[in-house]
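Open the model in your viewer and keep the selection tool at hand. We will walk from one stop to the next, and at each one you will hear what to select and what to look for there.

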Amino acid sequence: MSRDEPAGQPAPVEPPTAGRRTPEGLTRPVNAPEVRPTSGRRNTAAAVRFEPAVPHQPTAAAPRDAVAVPEVPTESPTAATSDPTYVSRETPTREEDDPPLAMEAMRAVQILNPSGEVTMPRPDRTRVMCVANQKGGVGKTTTTVNLAVALALHGNRVLVVDLDPQGNASTGLNVPHHTGVPDVYDCLINSVPLSEVAQAVEGIPNLWCVPATIDLAGAEIELVSVVARESRLDRAITAYPGQFDYVFIDCPPSLGLLTVNALVAAQEVLIPIQCEYYALEGLNQLINNINLVRQHLNPKLDVSTILLTMYDRRTRLADAVEQDVRNHFGDKVLQAVIPRNVRVSEAPSYGQSVMTYDPGSRGATSYFEAAQEIAERGVKEPVGRNA
């Protein structure tokens, strides 16, 4: 635009010519871009590339892309920061600050109780608990073994009676139960004292186990002709010279004479319930049989404890089963729930319970909480049984 032209008027378009004279006296093509003189202008890219890094002095006209960095005010000490007891909300707690391995180690020490102190209350009298459910695979043996180990590790004297011909409880406690070993069959059929059959569990103080061999499979038929066949186990436990805090009887998945013997010998029934529909379907039949035994053979028998096992929090079915069981049995259902945990299934293959195999796992923690809850309930409501 010429200086003499009024402002706001567009510059006239010159007609194309064959060539234009440049200030240097050269002719350039019509469509070639005009090369303006660079005097007085600075090539920023070239300057950055070739000029040495010299700190620039601040100027009044700041570049458009420059971002002003606000100054951080110096925080003056206040009453909150000067108080030694003040803890900021952003300060992580001990649970959040500790790494997962440290938390797992803390749980392991709590469960194993290396000091041997009595951290779970001992009942005033012996509590004989029958772990029964005619449905198989609900966790009867796993519950018996882990609860017994948890109570024994925390100062209680515990006896486990393996009344299942499969002998899984004996395997879980690493007790020999091959053919020829004195077992519970000798107590039921041959009236051998229980003290001659019980074996101390290696590595677990205050824990004994009465093993079961394959001979127990024929006890159902042989007991038919025996006098007082329903109370054979009860007399054997009563005649034991030692004093136990807990006696757990692991029942077979049936409602035959072996289970009846366990129900007659016990005063409490612990029913593990798998969080599936089939577990609820057969529960009514078990309750009816318990009521029959209470009416005719053992009036002191009571369903005292319900334990939910194999709980899968990812499914709605598990929540529905839990709500149904809690609505029906009320306070008899333990607050502790046993989740599905692979460590619980791996432990028997090593001849251990999950309490000693992986004490920091979720399965061990859940069984520890269940055992503690059972122990506290026994102190609040002592069970009447002759010492």
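Helices (H or I, at least four residues) and strands (E, at least two) are DSSP runs, numbered from the N terminus. This is a predicted model, in which local features need pLDDT of at least 70, side-chain atom pairs count only at pLDDT 80 or more, and totals for chains, interfaces and linings use all residues. Residues are numbered from 1 along each chain as its sequence is written, and side-chain values use heavy atoms, with hydrogens and water left out.

**The whole chain**

Start with everything shown as a cartoon. The secondary structure comes to 16 helices and 9 strands. Next, colour by accessibility: buried residues make up 41% of the 387 residues in the chain. Here buried means under 20% relative accessible area, exposed over 50%, and partly exposed in between, with a 1.4 Å probe and protein chains only. If you draw contacts (heavy atoms within 4.5 Å), take those between residues at least 6 apart in sequence: 76% of them join residues at least 24 apart.

**A helix and the residue after it**

Select residues 100-112, which form helix α4. The expected span of a helix is 1.5 Å times one less than its number of residues. For the 13 residues of α4 that gives 18 Å, and the end C-alpha atoms are indeed 18 Å apart, so the two agree. Now step on to Asn113, which follows α4 and has a positive phi near 50 degrees. Most residues other than glycine have a negative phi.

Two other stops show a positive phi. Asn174, which is not a glycine, has a phi of about 60 degrees; look for Asn174 in the loop between α6 (168-172) and α7 (184-189). Ser191 is not a glycine either, and its phi is also positive, about 60 degrees. You will find Ser191 in the loop between α7 and β5.

**Strand β7 and its partners**

Select residues 246-250, strand β7, where 5 of the 5 residues are buried. Which residues point which way? Tyr246, Phe248 and Asp250 point one way from β7, and Val247 and Ile249 the other way. In a regular strand the side chains alternate between the two faces of the sheet.

Add β3 (residues 127-131), which runs parallel to β7 and is joined to it by 5 bridges. Two strands pair if DSSP finds at least two bridges between them. Arg127 stands opposite Tyr246 in β7. Then add β4 (residues 158-162), also parallel to β7 and joined to it by 5 bridges. Here Val161 has Ile249 of β7 as its bridge partner.

**The nonpolar cores**

A nonpolar core is a set of buried Ala, Val, Leu, Ile, Met, Phe, Trp, Tyr and Cys residues joined through side-chain atoms within 4.5 Å. The largest has 54 residues, and those with the most contacts inside it are Val184, Leu233, Ile249 and Ile271. Helix α10 (residues 257-265) gives the most to this core, with 7 residues. Select α10 and you will see that 9 of its 9 residues are buried. Now centre on Ile271: leaving out residues up to four places away in sequence, its contacts include Ala132, Leu283, Ile290 and Leu307.

**The cysteines**

What does a search of the whole structure find in the way of disulfides? A disulfide is a pair of cysteine sulfur atoms within 2.5 Å, and the search finds 0. Select Cys251 and Cys130: their sulfurs are 3.2 Å apart, too far for a bond, and Cys130 holds the closest cysteine sulfur to that of Cys251. Cys251 counts as buried because its relative accessibility is 1%.

Cys209 is buried too, with a relative accessible area of 0%. From there, go to Gln199 in strand β5 (residues 199-200). The C-alpha atoms of Gln199 and Cys209 are separated by 5.3 Å, although the two lie 10 residues apart along the chain. Beyond four places in sequence, the contacts of Gln199 include Val175, Leu207, Trp208 and Cys209.

**Last stop: Ser361**

Select Ser361, in the loop between α15 (354-357) and α16 (362-380). Is Ser361 buried or exposed? Ser361 counts as buried because its relative accessibility is 7%. Its side chain reaches the backbone oxygen of Asp358 at 2.8 Å. Apart from neighbours within four places in sequence, Ser361 is in contact with Asn341, Arg343 and Val354.

Terms used:
Polar contact = N/O pair within 3.5 Å; in protein donor to acceptor, adjacent residues only side chain to side chain.
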